[in-house]
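Reader: Could you pull this one up for me? I'd like to go through the charged pairs and then get a feel for the fold.

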Amino acid sequence: ITPEDEEAEDEFVEGEATPKVSKKKIVKVEENRSKREHVNVVFIGHVDAGKSTIGGQIMSLTGMVDKRTLEKYEREAREKSVQWYRGPAFIPFIDELPSLNRKSDGPFIMPIVDKYKDMGTVVMGKVESGLARKGKNLLVMPNRTQVAVDQLFSDDFEVTSVGPGENVKIKLKGIEEEDVSPGFVLCDATNPIKTGKIFDAQVVILEHKSIICAGYSAVMHIHCAAEEVTVKALICLVDKKSGDKSKTRPRFVKQDQVAIMRIECSGMICLKQFKLFPQMGRFTLRDENKTIAIGKVLKVVAFHCDFENSIARQTRDNTNATLSSYFTKTQAVHPHTPHTVLLH
């Protein structure tokens with residue numbers, strides 16, 4: 001070992017004894033959300049109404065079809081004397097629409113359309129109301145399972161918060177994938193969505209060959225849920241023009257009629273009155289792969305919490321009646337037995 005080596009060794013040991021302490025910088029996590037407002041568009045129209053033209057315009061603007069192909073179709077349309085659209089382009093028209101009035105300040109509500117397992121339980125759906133942030137505690141209804149938000153994805157990019165109108169993926173803690181079903185609702189823990197089984201609804205019969213009576217069964221599609229339902233009772237008919245309700249209960253309803261009816265679901269579902277929250281209160285009825293009716297929820301007859309309360313009240317009343325009967329008999333035999341304090 002040379003003196004130079006000893007010197008270097010001493011320097012190395014000395015460096016080990018007094019290590020440099022690096023100051024950790026506090027990184028502030030900025031909240032990021034999808035900057036684009038999400039809009040769902042449905043094209044409705046008869047033959048030659050322009051659905052294909054709009055579709056072609058979207059394909060052109062998004063680079064899915066080249067300009068020469070579009071010009072070719074335009075020439076063919078002129079040769080056939082087909083009217084060619086001269087208005088504003090579709091995408092700029094959508095961009096210039098006024099902002100939609102969505103309930104960002106309301107309780108968080110997201111019907112679950114699908115789920116899968118990826119290092120945890122991931123649920124997919126469209127946010128209908130409120131905001132959700134990473135780490136927030138939520139509920140999965142109707143099972144009332146408490147969960148926590150682990151990750152949020154909008155447009156397949158990870159974000160720290162999501163809001164109304166966005167189609168998102170949310171990774172959850174506290175629930176297994178097999179315990180979630182499409183039609184469940186991820187919602188605010190302090191203000192959860194109501195659940196019910198029996199409700200009154202105004203229903204428009206669109207297409208049905210035979211009459212519909214009490215006892216009729218169909219499949220109801222409401223938000224992301226599909227549930228078998230039964231018509232319990234027909235309450236009244238509603239005049240399409242005046243909105244007047246019939247004073248007598250109808251025995252049946254048929255195609256093109258509007259009726260208010262009481263409907264019972266085969267299981268507990270999440271729903272709301274249409275006038276309070278349209279997205280969670282409108283539905284369709286399907287039978288034999290056809291949409292036979294559309295409707296809106298007017299009143300939920302029994303909420304799940306009301307049902308639990310009624311069971312509790314019934315149990316308490318039965319207990320009080322039993323105790324009262326017992327002590328009445330006891331006092332008849334032993335007059336000095338003290339009175340009981342009934343349950344409240």
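Reader: How many salt bridges does the structure hold?

Author: The structure holds seven salt bridges, and I should say at once that this is a predicted model, so each value here is computed from predicted coordinates.

Reader: Which residue does Lys173 form a salt bridge with?

Author: Its partner is Asp150, and the closest N and O atoms of Lys173 and Asp150 are 3.9 Å apart. The pair links distant parts of the chain, since Lys173 belongs to strand S8 (residues 167–173) and Asp150 to strand S5 (residues 145–154), with their positions 23 residues apart in the numbering.

Reader: And where does Lys173 fall, buried, partly exposed or exposed?

Author: Lys173 has 48% relative accessibility and therefore counts as partly exposed, because the exposed class begins over 50%. Asp150 is also placed in the partly exposed class, with a relative accessible area of 23%.

Reader: OK, what does Asp156 pair with?

Author: Asp156 forms a salt bridge with Lys169, in which the closest N and O atoms are 3.3 Å apart. Asp156 sits in the loop between S5 and strand S6 (157–159), whereas Lys169 is in strand S8, so this salt bridge ties together parts that are 13 residues apart in sequence.

Reader: Is Asp156 buried or exposed there?

Author: Asp156 counts as exposed, at 60% relative accessibility, while Lys169 is partly exposed, with a relative accessible area of 24%.

Reader: Moving along the chain, which side chain meets Glu264?

Author: That is Lys232, whose side chain meets the side chain of Glu264 in a salt bridge of 3.9 Å, N to O. Glu264 lies in strand S13 (residues 258–270) and Lys232 in strand S12 (residues 225–238), so the pair ties together parts that are 32 residues apart in sequence. For Glu264 the relative accessible area is 27%, which makes this residue partly exposed, and Lys232, at 42% relative accessibility, counts as partly exposed too.

Reader: Switching to the fold, how many helices and strands are there?

Author: The protein chain has five helices and 15 strands. Of its contacts with a separation of 6 or more, 66% are accounted for by residues 24 or more positions apart.

Reader: What share of the residues is buried?

Author: Buried residues make up 29% of the 344 residues in the protein chain.

Reader: And what does the accessible surface come to?

Author: The accessible surface of the protein chain comes to about 23,300 Å², and 53% of that belongs to carbon and sulfur atoms.

Note on methods: Residues numbered from 1 in each chain as written. Predicted model: local features only at pLDDT ≥ 70, side-chain atom pairs only at ≥ 80, totals over all residues. Heavy atoms only, no water. Helix = DSSP H or I, 4+ residues; strand = E, 2+ residues; numbered from the N terminus. Buried < 20%, exposed > 50% of the residue type's maximum accessible area, 1.4 Å probe, protein only. Contact = heavy atoms within 4.5 Å. Areas by Shrake-Rupley, 256 points an atom, 1.4 Å probe, with all protein chains shown as cover. Salt bridge = Lys/Arg side-chain N within 4 Å of Asp/Glu carboxyl O.
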